[in-house]
Amino acid sequence: MINEHTSAHPHGTMRRREREITDRKEIDEILYSGKVMHLALSDDNLPFLVPVFYAYDGVSLYFHSAKAGTKIEIMKKNDNVCFEVSIDHGIVESDMACDFEAQHRTVIGFGKAEFIEADEDKIAALNRIVARFTDRKFEFPKGNLNATAVIRINIVSVKGKKHGC
């Protein structure tokens, strides 16, 4: 279940409540519109952050990777993840140097990483990701599927924030 509002960690109460996005449709629009998700992982209390191309199906996020590497090894040990997607970037100028601000619409969420194993589910997720960038259709040879990790992020909670939009 997705918790949009929580007063305790992981999200806490938003300090600038007027910037909080409470409309679930707007949160979904941001997740559907973004192309790059920043994925935060933790390995024995050491943070690791990586950008990935992703797809969103209205419930979960999907990305792919080689089957080996730092993010894969961390997620095998700790399936808790934090993710961020941000769109509509710009600058909100001011007459005071310290009052410049970032224009953005951002979603930050927490979830659980799940490795997808079934070929048909991997292909469905890969097709979602590819469709974000091209109308072309591709085949996924068995050898490529075997060498590719596909990960579903089962969203636990999500919050949105905007400014200058």
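Read from the N terminus, the elements of the protein chain follow the order β-α-β-β-β-β-α-β-β-α-α-β. That comes to four helices and eight strands in this predicted model. Of the 165 residues in the protein chain, 38% count as buried. Among contacts with a separation of 6 or more, 70% join residues 24 or more positions apart.

Helix α1 spans residues 24–33, and its buried residues are R24, E26, I27, D28, I30 and L31. Just ahead of it, D23 acts as the cap on the N-terminal end of α1, with a side-chain oxygen 3.0 Å from the backbone nitrogen of K25. Two residues of this helix deserve a further look. E26 sits in α1 and counts as buried because its relative accessibility is 15%, under the 20% cut-off. Setting aside neighbours within four places in sequence, E26 is in contact with I21, R105 and K162.

L31 also belongs to α1, and its relative accessible area is 0%, so L31 is buried. With neighbours within four places again left out, L31 is in contact with Y54, Y56, L61, F83, V85, V107 and R132. One of these partners, V107, lies 76 residues away along the chain, yet the C-alpha atoms of L31 and V107 are separated by 7.3 Å.

Helix α2, residues 70–77, buries K71, I72, I74 and M75. These buried residues are on the same side of α2 because they cover an arc of only 165° around the axis. An α-helix has 3.6 residues a turn, so residues three or four places apart point the same way. On the face of α2 turned away from the buried side are the exposed residues K76 and K77.

What holds the middle of the picture is the nonpolar packing. The largest nonpolar core has 27 residues, and the members that touch the most others are L39, L61, M75, F83 and I153. Two or more residues of this core come from each of α1, β2 (36–43), β3 (46–53), β5 (60–66), α2, β6 (80–92), β7 (101–116) and β8 (148–163). Strand β8 gives the largest share, five residues. For L39, leaving out neighbours within four places in sequence, the contacts are F48, L49, V50, F63, M75, V81, C82, F83 and I153. Apart from this core lies another one, made of eight residues, including A55, I116, A125 and L145.

Aromatic rings come next. A pair of aromatic rings is described by the distance of the centres and the angle of the planes. The count comes to two aromatic pairs. One of them joins F53 and F133 edge-to-face, at 4.8 Å centre to centre and with 65° between the planes. This pair links distant parts of the chain, 80 residues apart: F53 is in strand β3, while F133 is in the loop between α3 (119–131) and α4 (142–147). F53 counts as partly exposed because its relative accessibility is 47%, and F133 is partly exposed too, with a relative accessible area of 42%.

Two arginines are placed over tyrosine rings. The charged end of R128 sits over the ring of Y62, 4.9 Å from the ring's centre. R132 lies over the face of Y54, at 4.8 Å from the ring centre. Both R132 and Y54 also turn up in the list of contacts of L31.

Finally, there is a backbone detail in the loop between β2 and β3, where D44 is found. Most residues other than glycine have a negative phi, and most peptide bonds are trans. D44, though not a glycine, has a positive phi of about 50°. N45 is in the loop between β2 and β3 as well, and its phi is near 70°, again a positive value in a residue other than glycine. As for accessibility, D44 has a relative accessible area of 74% and is therefore exposed. N45 counts as exposed because its relative accessibility is 74%.

Methods
Residues numbered from 1 in each chain as written. Heavy atoms only, no water. Buried < 20%, exposed > 50% of the residue type's maximum accessible area, 1.4 Å probe, protein only. Polar contact = N/O pair within 3.5 Å; in protein donor to acceptor, adjacent residues only side chain to side chain. Arc of directions from axis to C-beta. Core = buried A, V, L, I, M, F, W, Y, C linked by side-chain atoms within 4.5 Å. Contact = heavy atoms within 4.5 Å. Phe/Tyr/Trp six-rings, centres within 6.5 Å; stacked < 30°, edge-to-face > 60°. Lys NZ or Arg CZ within 6 Å of the ring centre and 35° of its normal.
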